[in-house]
Amino acid sequence: MKWGFRWYGAKDTIPLHHFRHVPGCDGVVGTLLGKLPGEVWPIEEIQAFKESIEKERLELLAIESVAVCDAIKAGTEERNHYIDNYIQTIRNIGACGIKLVVYSFKPIFGWAKTHLKYENPDGTYSLVFDQSVVDNMQASEMFQLIKSQSGGFNLSGWEEERFKEFNNLMKMYEGMTREDLFNNLAYFLKRVIPVCEEVDVKLGIHPDDPPWEIFGLPRITKNLEDYKRIMEIVDSPYNGITLCTGSVGANPDCDVAQMIRELGDRIHFVHLRNVEFLGKDKFRECAHLSLDGSLDMYELMKALVDIGFDGVIRPDHGRAIWDEVAMPGYGLYDRALGFTYLQGLHEAITKCKKEKE
Ligand SMILES: [Mn+2]
């Protein structure tokens, strides 16, 4: 198992060596910033990115993410051209010795929250999603809402260029059903996975956040049932999963530990995040500890140990604490607290299991 953090590249407020100072940290996951979905990533740029991390005595544990462009997700006539580009990017990533790529297959809204700086009773700040806010606005207003709370940071998936294209994007997905979207994912995977097998790069699809449909757009990575179906499209270990506990776990009906046990070795990457249910379709991203939220993090870690999870693992979003100025969800302080807590759980569970054997 490799432990790391998400890092937003040279523009991140957190210098790489700060991650190295966290005990047990093997490396970071990151992406080439500024690449538009659909572009081919040149080998030299991937290699330079990797070396910039290795120079700081850390590993590049995965590419999170290579975005899938809308032509592929919407299944337009140009999709073959863009799938060819995606395949070339996978080949180039493989040529640099990187073994894991995260992607998602969500129309327009990769992730959505309604509050990026929700004040908790203890004076810390969290990200919150409240469906009742979304129900009272237009999809196009989401960009302004996110931008107004972003603290001046450019948030991935909420780029200005995408906002300008918003009406065209909505048109692209007009009338699209869940089944249409699933078929477009199947078309994509059937072409890409054989290449992943050839160059030894595993894919891990990230779930929907929140794990239900908003603004009438279809979603197909919400729960165990969805994931089982996706795994069957191409029955290969290279067609894998990024299990994000705070995404799927925001649905109180989702048994995340059970999901881990059933999906087993198809999980290549785990984002550990806790959420607190605040009411119907409303949740807060809390501290990682079980006592702060609704998920039992001990049970989740136990499930991971039981399946012999051997992929990449990282703490997910943290709260904003100690007056840290950082991208919403991606400050170092609370993520480092979470990292250390999760490592403690892992050590205790692993040793306990050995003693029993
Ligand atoms: Mn995640």
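User: What makes Trp322, Tyr333 and Leu337 a nonpolar surface patch?

Analyst: Happy to unpack that one. This is a predicted model, in which local features need pLDDT of at least 70, side-chain atom pairs count only at pLDDT 80 or more, and totals for chains, interfaces and linings use all residues. Residues are numbered from 1 along each chain as its sequence is written, and side-chain values use heavy atoms, leaving out hydrogens and water. The three residues make a patch of about 330 Å². Patch members need over 30% relative accessible area and no salt bridge, with nonpolar side chains (Val, Leu, Ile, Met, Phe, Trp, Tyr) joined within 5 Å and like charges within 9 Å. Areas come from the Shrake-Rupley method with a 1.4 Å probe, and for residues only the protein chains shown count as cover. Leucine 337, at 40%, therefore passes the area cut-off.

User: Where does leucine 337 sit, and why is it called partly exposed?

Analyst: Leucine 337 belongs to helix α14 (residues 333–356). Buried means under 20% relative accessible area and exposed over 50%, with partly exposed in between (1.4 Å probe, protein chains only). Its 40% falls between those limits, so partly exposed is the right label.

User: What ties lysine 351 to glutamate 347?

Analyst: A salt bridge, with the closest N and O atoms 2.7 Å apart. The rule asks for a side-chain nitrogen of Lys or Arg within 4 Å of a carboxyl oxygen of Asp or Glu, so the pair qualifies. The two residues are four apart in helix α14, or about one helical turn, and glutamate 347 is partly exposed at 45%.

User: How do you know that lysine 147 and glutamate 160 meet in a salt bridge, and which parts does the pair tie together?

Analyst: Their N to O distance is 3.6 Å, which is inside the limit and therefore counts. Lysine 147 lies in helix α6 (residues 141–149) and glutamate 160 in helix α7 (residues 160–164), so the bridge links parts 13 residues apart in sequence. Lysine 147 is partly exposed at 48%, as is glutamate 160 at 37%. The structure holds 33 salt bridges.

User: Glutamate 276 and arginine 284 also meet in a salt bridge; why is arginine 284 called buried?

Analyst: Arginine 284 has 7% relative accessibility, under the buried cut-off, so the name fits. Glutamate 276, at 26%, is partly exposed. Their N to O distance is 2.9 Å.

User: What makes β10 and β11 a pair?

Analyst: Strands are DSSP runs of E (at least two residues), helices runs of H or I (at least four), numbered from the N terminus. Two strands pair if DSSP finds at least two bridges between them. Four bridges join β10 to β11 (residues 282–285), so this antiparallel pair meets the rule. One bridge partnership is valine 275 with glutamate 285 in β11. The open sheet has the order β5-β6-β11-β10, with antiparallel pairing. Its edge strands, β5 (115–119) and β10 (275–279), each pair on one side only.

User: How do you know how many disulfides there are?

Analyst: A disulfide needs a pair of cysteine sulfur atoms within 2.5 Å, and the count comes to zero. For cysteine 96, the nearest cysteine sulfur, in cysteine 196, is 15 Å away. The sulfur of cysteine 254 is 11 Å from its closest counterpart, in cysteine 244, which is too far for a bond. Cysteine 96 is buried at 3%, and cysteine 254 is buried at 16%.
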